[in-house]
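Take a walk through this chain, from overall totals to its cores and one helix.

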Amino acid sequence: MTFLLNYKTKYLIMINIAIYNNSAHSVLHYRTFGPLSKLRRVWNEISLVPITPNQTEMSVLYNCDILLINRPATKKEYDIILNAKSAGCKIWVDIDDYIQEISIYNPAYGTYQPDNIEYYLECLNEADLITVSTHKLNELTPNSIVVPNGIEPIFKEPVMKRDKLTLAWRGTNTHRMDLHLYQDVFKEFARHSNFDVVFYGYLPLWTNDIEVKYRSFTTLPNFFKQWNEDPIDFVFFPL
């Protein structure tokens, strides 16, 4: 995080990072609160300020040093970036998908049409820092740096050894094509006597001929709570 460290060295103050809430809870966790929570362990002078679309007036932005926004692609988000720059904020744009080529199978496909792509590219032009989640996105996005997805769960003490282990998948039908790629792996574990396989949020049709369990989709904090109550040994998080 050289950008942040240089900022701190120059001003020697607490840095307030406004995190614009335009994404699902899981995206916010993997791409913002997760990585930044890890950073705060070694650097306490960071304050995270979640803001919603109704909290983007100049009076709020003037109290922030950096605006962090994930994959902005609308006129409203572009205007928020311009307002933040006018308020003196540095702009941090984070990307966890290749917006220009969203798969037709992705429910977000309809969101990223030509008009949105135009705003997305304008937002990138205004950015002081661009972070991406993978090295492939780094290759496709000029002047970006890689910040891997982060996770900040709260766990109890490790559970005692059990006779059966649990392999879990957490994700909605948004990632059904990802899950399809791993169906042979899940089938093999489901047929193994020492494993339980649990799907949180989406149960694919190809599980009809194997014994698995299903749990409804829930928010990430609730999932971590369930994780403590019903231990999981291995979990797939499609990102």
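The paragraphs below start with the whole chain and end with a single helix.

This is a predicted model: local features need pLDDT of at least 70, side-chain atom pairs count only at pLDDT 80 or more, and totals for chains, interfaces and linings use all residues. Residues are numbered from 1 along each chain as its sequence is written, and side-chain values use heavy atoms, without hydrogens and water.

The chain has nine helices and 10 strands. These are DSSP runs, numbered from the N terminus: H or I of at least four residues for helices, E of at least two for strands. Of the 239 residues, 42% are buried (under 20% relative accessible area, against over 50% for exposed and partly exposed in between; 1.4 Å probe, protein chains only). Among contacts (heavy atoms within 4.5 Å) with a separation of 6 or more, 66% join residues 24 or more positions apart.

Now go inside. A nonpolar core is a set of buried Ala, Val, Leu, Ile, Met, Phe, Trp, Tyr and Cys residues joined through side-chain atoms within 4.5 Å. The largest has 28 residues; L67, I81, V93 and I95 touch the most other members. At least two residues each come from β1, β3, α4, β4, α5 and β5. A second, separate core has 13 residues, including L39, I46, I66 and W92.

Finish at α9, residues 220-229. L220, F223, F224, W227 and N228 are buried. They line one face of the helix, because they fall within an arc of 145 degrees seen down its axis (taken from the directions from the helix axis to the C-beta atoms). On the other side, P221, K225 and E229 are exposed.
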